[in-house]
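The following exercises concern side-chain pairing and cysteine geometry. Each task is followed by a solution in steps.

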Amino acid sequence: MIHLSKHQLFTLTFIFQIGSTPLFALGIEAEQDAWIVILLALLIGLLMAWISTELFYIFPDKNLIEIINIILGKKLGLPFCIVYAMVFIWACGRNLREFSELILLISLPHIHLWIIILSYILLALYTLFKGFETLCRLSELIVPPTIIFLISMFIIIIFFSSAHIRNLMPILGNGIKPVLKSLPGVIWFPFGEVFVLLLYWHYLNDKKSVRKTTFKALISSGLLLCISTAVTISELGAKYTSVSTIPLVETLRLINIVEVLNRLDILGIPFLILGGFFKICIYLNSIALTINSVFKINHFKLTLMLCGVFMLFFSIYFEPNYAYHQWLFPFDARYFCLFFCTFYPTMLLVIYIIKLKRSKLNPTR
């Protein structure tokens with residue numbers, strides 16, 4: 001049986017939220033007001049996390065798939081569970097391709113894509129074969145230096161680079177409409193993704209602390225992402241940030257302190273790659289858990305290995321190039337995935353409340 005501590009839940013949630021998000025200028029459609037988009041998305045993300053944790057508190061010993069089957073019944077719940085497995089496959093494939101392309105663009109342009117993806121998958125399988133607790137303990141080691149690096153980077157950019165606060169002005173200069181237009185995508189990526197952890201919350205030793213710990217992780221990661229976006233825009237400007245392939249890396253490359261401290265992107269890239277590794281591991285493990293729960297399979301490692309092989313080919317062939325990956329992101333975040341992190345959990349909670357009032361379900365809380 002897997003047992004997780006509050007601290008492990010915090011670090012796992014934090015690194016899962018950070019993941020690949022520093023690579024992108026979230027909400028940049030709102031130009032200099034992108035940081036406002038992140039703050040609004042964080043507030044909505046906290047609301048969605050409240051709904052997910054409410055479902056957990058009703059069924060504290062069940063995971064997401066089991067909760068769906070209890071509320072909807074096995075016949076109606078089966079297609080919903082399969083759809084969730086497809087969402088996890090989609091997200092895992094996107095992250096695999098995203099970070100592999102990142103390595104190609106920045107560090108290893110002459111290596112074949114499939115070699116990098118295969119390395120990611122083998123490393124993820126090795127870690128998950130050791131147990132999910134191993135991944136959680138690893139997050140405890142990674143999160144502190146990640147936070148220290150990000151905060152140090154912000155301080156260096158603010159005091160030792162060409163960052164100008166005027167690049168963030170005027171606030172709401174184009175009105176509220178651009179902010180609201182770019183908001184849906186940021187709700188899913190990264191804040192809405194926390195619903196995936198509903199598969200793991202029942203492993204926690206102190207189940208009463210799930211909501212409090214999750215909120216702390218969301219707020220901490222959300223504020224860091226908000227600052228990261230604001231600092232990037234103040235350094236590069238809104239227009240250049242919007243067209244830059246990897247804005248954060250471009251920002252790090254511009255840092256040059258008396259010709260001694262420069263090329264900080266070399267230090268930053270490993271942290272970004274590690275963030276992607278955790279997202280890939282969690283989604284890959286979630287695919288295997290969902291398949292085992294739906295089809296009552298007992299051989300978890302075999303399922304995990306087969307999922308890894310499938311993801312190798314899926315991540316290579318479902319996107320032709322990185323430009324297509326970026327082009328697909330608005331549809332991915334605003335329509336496809338957003339629906340499953342907002343509407344579905346809310347629907348499950350509403351159905352449970354209706355059934356409870358009709359005395360068809362007995363609460364366990």
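**Exercise 1: a pair between two helices**

Determine which residue forms a salt bridge with Arg-211, and where the two partners lie.

Solution. In this predicted model, Arg-211 is paired with Glu-54 in a salt bridge whose closest N and O atoms are 2.7 Å apart. Arg-211 belongs to helix 8 (residues 210–236) and Glu-54 to helix 2 (residues 34–58), so the contact ties together parts that are 157 residues apart in sequence. Buried means under 20% relative accessible area. Arg-211, at 18%, therefore counts as buried, and Glu-54, at 15%, is likewise buried.

**Exercise 2: a pair between a helix and a loop**

Identify the salt-bridge partner of Lys-279 and state whether each residue is buried or exposed.

Solution. The partner is Glu-193, with the closest N and O atoms 2.7 Å apart. Lys-279 sits in helix 11 (residues 265–295), whereas Glu-193 is in the loop between helix 7 and helix 8, so parts 86 residues apart in sequence are tied together. Lys-279 is buried at 0% relative accessibility, and Glu-193 is buried at 2%.

**Exercise 3: the cysteines**

Establish how many disulfides the structure holds, and examine Cys-92 and Cys-307.

Solution. The structure holds 0 disulfides. For Cys-92, the nearest cysteine sulfur is that of Cys-281, 8.8 Å away. For Cys-307, the nearest is that of Cys-92, at 8.9 Å. A disulfide requires sulfur atoms within 2.5 Å, so neither Cys-92 nor Cys-307 is in one. Cys-92 is buried at 0% relative accessibility, and Cys-307 is buried at 8%.

Methods
Residues numbered from 1 in each chain as written. Predicted model: local features only at pLDDT ≥ 70, side-chain atom pairs only at ≥ 80, totals over all residues. Heavy atoms only, no water. Buried < 20%, exposed > 50% of the residue type's maximum accessible area, 1.4 Å probe, protein only. Salt bridge = Lys/Arg side-chain N within 4 Å of Asp/Glu carboxyl O. Helix = DSSP H or I, 4+ residues; strand = E, 2+ residues; numbered from the N terminus.
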